[in-house]
Amino acid sequence: MKVGVILKHIWENLFTEPMTKKFPKEPVQLPEGFRGRVGYIPENCIMCNMCVLNCPANAIEIKPEEDGKRWTLHYDRCINCMICVEVCPVEALYNDDKEPFRVTSDRISAIETGKVPMVSCPICGKKVPRPSNTMVKRMMKEVTPRNLLKAAVCPQCKKDHKPEEIDAIIDKILEEGSYPDMDKLLGKEGLR
Amino acid sequence: MSLWSLLFDPENSIWVYRINAGSCNGCEIEITPLFTPRYDAERFGIKWVGTPRHADVVLVTGPVTAVAKESVMEVLSQVPDPHVVIAVGSCGVSGGVFRGSYALEGPLDNLYPVDLYVLGCPPKPEGILTALLEAKKILKAKRKGQYQEKPLVVDPAGMVMGR
Ligand code: SF4
Ligand code: SF4
Ligand code: SF4
């Protein structure tokens, strides 16, 4: 009986492929839900610091720069736990499960980085952080230049002006094209 | 590769020694499958040896703890030159989750020159295999007396390092 089973296995193994993964020739096959790289979308970030506070490896840093704040993830410390992806309230982080591994001879440059710039309030010109695309989508359903401008109005101006007045001012700005930070607001230059 | 180098280059058969410098054993569990039929590093001539005196490549896992430091340095001093040191896992690379702990003397590259880093916690066996294959090239350069001038970028699946 047992000999029969063994013979069957031997017979099968003569004709099947070896079980060794042909790795460098064929790409890595990743399972579903694989925790790979942490991807960052600066257009969505609101710089709330949640990822910095919750990262168990202290891999994320937020540093003020002239004209904005810079978010940096150091991959040499990251342990791919994806806690930052879970706690981010605005979907600015995602699990990029396409990247299976990283090998490098320069660990300092293994970073993911992005910047949220300061833009000026369309009414008073005071500097405010660029509004997040996700927040604009949640409040006004759509991300358009008009909605982004509305979201960039500073809190003081929101108090001082009525909604109709703000709408009128933004209509005027859009007609004249007189807003100085339009490229930054639309993220045209890329916020990297 | 010419037939001559295929037959006589010592880099076609690198011998690997592994040091646990205080790791949680997660990285060991990923290194061991390399020498099993599933990943089978021996088809590239990579062989696991039991003593540092025979080794060409040393894999170091774990942040170097205060207790492990002395032994790690002694073992590394016994590896014949030229050799390649690979730090495996976030712990070996930078301390990972243990970074800043009072019990650490590391990470390894504060104490000893490291040639390659495999990032991840734990890294996939494929990642360690890629590093070992890359170590062959570094070893070859070191034996000729030259060393890589520019930082090395390895991207087997289209990923870009150091953007
Ligand atoms: S990435 Fe997400 S959690 Fe981190 S600061 Fe930006 S919005 Fe907050
Ligand atoms: S995946 Fe985990 S370790 Fe990496 S940055 Fe996010 S929270 Fe930190
Ligand atoms: S890198 Fe992760 S798996 Fe490897 S030893 Fe450190 S904690 Fe363990």
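In chain B, 80% of the contacts between residues at least 6 apart in sequence join residues at least 24 apart. Keep in mind as you look around that this is a predicted model.

**The fold of chain B**

Let's walk along the chain. Chain B has six strands and five helices. Starting from the N terminus, the order of these elements is α-β-α-β-β-α-β-α-β-α-β. Chain B counts 163 residues, and 51% of them are classed as buried. Its accessible surface amounts to about 7,800 Å², with carbon and sulfur atoms holding 55% of that area.

**Where chain B meets chain A**

Now turn to the partner chain. On the chain B side, 39 residues make contact, and they touch 31 residues of chain A. Together the two chains bury about 3,100 Å², and 61% of this buried area lies on carbon and sulfur atoms.

What does the interface hold in the way of charged and polar pairs? The rule finds one salt bridge across the interface of chain B and chain A. If you would like to find this salt bridge in the viewer, look for the side chains of D109(B) and R107(A), which come together at 2.9 Å, N to O. Eleven residue pairs are in polar contact across the interface, both residues being at pLDDT 80 or more.

Which elements of chain B give two or more residues to the side that touches chain A? They are α4 (89-94), β5 (116-119) and α5 (125-143) of chain B. Of these, α5(B) gives the most, with six residues.

The residues on the side of chain B that touches chain A can also be sorted by class, as the table shows.

| Class of residue | Residues on the side of chain B that touches chain A |
|---|---|
| Nonpolar | 22 residues |
| Polar | eight residues |
| Charged | nine residues |

**A stop in chain A**

One more residue deserves a visit, this time in the partner chain. M139(A) sits in helix α4 of chain A, which covers residues 133-140. Is M139(A) buried or exposed? The relative accessibility of M139(A) is 56%, so this methionine counts as exposed, the cut-off for that class being over 50%. For a sense of distance, take L149(A): M139(A) and L149(A) are ten residues apart in sequence, and their C-alpha atoms lie 13 Å apart in space.

How values were computed: Residues are numbered from 1 along each chain as its sequence is written. Chains are lettered from A and ligands numbered from 1 in the order in which they are written. This is a predicted model: local features need pLDDT of at least 70, side-chain atom pairs count only at pLDDT 80 or more; totals for chains, interfaces and linings use all residues. Side-chain values use heavy atoms; hydrogens and water are left out. Helices (H or I, at least four residues) and strands (E, at least two) are DSSP runs, numbered from the N terminus. Buried means under 20% relative accessible area, exposed over 50%, partly exposed in between (1.4 Å probe, protein chains only). Contact means heavy atoms within 4.5 Å. Accessible areas come from the Shrake-Rupley method with a 1.4 Å probe; for residues, only the protein chains shown count as cover. Buried area is the accessible area (1.4 Å probe) that two parts lose on being put together, summed over both. A salt bridge is a side-chain nitrogen of Lys or Arg within 4 Å of a carboxyl oxygen of Asp or Glu. A polar contact is a pair of N or O atoms within 3.5 Å; within protein, one must be able to donate a hydrogen and the other to accept it, and residues adjacent in sequence count only if both atoms are side-chain atoms. Ala, Val, Leu, Ile, Met, Phe, Trp, Tyr, Cys and Pro count as nonpolar, Asp, Glu, Lys and Arg as charged, and the others, Gly among them, as polar.
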